Amino acid sequence: MIELLILIGGPLFQTILYMFYKTPYHYPLLILNLLPIYPLDGSKFIFLLCNLIGSYYYSYIITFIISYITVFILVIYYHNLMILLFSIYLLVSSIEIYYNRNINFYMFLYERLKKIYPYYKEKIIIGDNLKKMKRSVKHYFLVENSLKDEQKVIKTKLNLKNASKVL
């Protein structure tokens, strides 16, 4: 919820600036920022929406697929050198971040170990697949006919025997 408020802040500020100072720059910046291309705010909004439905890891993948499709549409639809260069820059940035997706996922797991965010729901996951974990949900894993806390499963999967020294 906090991320959504922060995310809305940028476009809201651009809208207010556009209402008071009708310069030709604010409206295009607002539209550009709302495109679902990573790392723009539009992609972060798509990511938050996907997190409501699916897991953190797969929401990340879906966000990048939508980002690539949007860049492709921009390149096809607009035959402009500036749009082409900007699209290439966004595509290269997206590819670089996509290849670092596992680092981002491990940061998510680290946050889960540190218990930084509050949990609003609880969910049982059958097996020990960490990629099924969602944000704002406390997970329990049903592994070998016993219910295990997400802390224990994360430590086991990441081979953290004494996680207190690492964290």
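In the predicted model, S136 is partly exposed, with a relative accessible area of 31%. The residue sits in the loop that connects β1 (121–126) with β2. Its backbone has a positive phi of about 55°, although S136 is not a glycine. A positive phi of about 55° is also found at E144, again a residue that is not a glycine. E144 belongs to the loop between β2 and β3 (146–149). At 71% relative accessibility, E144 counts as exposed, because the threshold for that class is over 50%. For S136, the value of 31% falls short of that threshold but is not under the 20% required for burial, so the residue is classed as partly exposed.

The secondary structure of the chain consists of eight helices and three strands. In sequence order the elements follow the pattern α-α-α-α-α-α-β-β-β-α-α. The radius of gyration is 20 Å, whereas a compact globule of 167 residues would have a value near 15 Å. The C-alpha trace spans about 60 × 35 × 30 Å along its principal axes. Of the 167 residues, 32% count as buried. The exposed surface of the chain amounts to about 11300 Å², of which carbon and sulfur atoms supply 68%. Among contacts between residues at least 6 apart in sequence, 47% join residues at least 24 apart. The chain carries 19 positive and 9 negative charges, and the mean positions of the two sets are 2 Å apart.

The largest nonpolar core contains 18 residues. Those with the most contacts inside this core are F105, F108, L109, L130, M133, F141 and I154. At least two core residues are supplied by each of α4 (56–77), α6 (101–114), β2 (137–143) and α7 (150–157). The greatest contribution comes from α4, with five residues. A second, separate core has five residues, including L40, V71, L74 and L90. Returning to the largest core, one of the residues with the most contacts inside it is F108. Beyond its neighbours within four places in sequence, F108 is in contact with Y56, M133, K134 and R135. M133 is thus a contact partner of F108 and is likewise listed among the residues with the most contacts inside the core.

L113 is located in helix α6. With a relative accessible area of 8%, L113 is buried, because the limit for burial is under 20%. The C-alpha atoms of L113 and I154 are separated by 7.6 Å, although the two residues are 41 residues apart along the chain. I154 is itself among the residues with the most contacts inside the largest nonpolar core.

F64 lies in helix α4 and is buried, with a relative accessible area of 1%. Leaving aside neighbours within four places in sequence, F64 is in contact with Y38, S94, I97 and Y98. The pair F64 and Y38 is 26 residues apart along the chain, and the corresponding C-alpha atoms are separated by 6.9 Å. Y38 also precedes a cis peptide bond: the bond from Y38 to P39 has omega near 15°. P39 is found in the loop between α2 and α3 (41–53).

Helix α2 (residues 26–33) includes N33. At a relative accessible area of 18%, N33 is buried, because the value is under the 20% cut-off. Excluding neighbours within four places in sequence, the contacts of N33 are with L40, D41 and G42. L40 is also one of the residues of the second nonpolar core.

G9 is found in helix α1 (residues 2–20) and is partly exposed, with a relative accessible area of 32%. The C-alpha atoms of G9 and S146 are separated by 44 Å, with the two positions 137 residues apart along the chain counted as their separation in sequence.

Definitions and conventions:
Residues numbered from 1 in each chain as written. Predicted model: local features only at pLDDT ≥ 70, side-chain atom pairs only at ≥ 80, totals over all residues. Heavy atoms only, no water. Helix = DSSP H or I, 4+ residues; strand = E, 2+ residues; numbered from the N terminus. Rg over C-alpha atoms; globule rule 2.2 N^0.38 Å. Buried < 20%, exposed > 50% of the residue type's maximum accessible area, 1.4 Å probe, protein only. Contact = heavy atoms within 4.5 Å. Areas by Shrake-Rupley, 256 points an atom, 1.4 Å probe, with all protein chains shown as cover. Lys, Arg positive; Asp, Glu negative; His and termini not counted. Charge placed at Lys NZ, Arg CZ, Asp CG, Glu CD. Core = buried A, V, L, I, M, F, W, Y, C linked by side-chain atoms within 4.5 Å.
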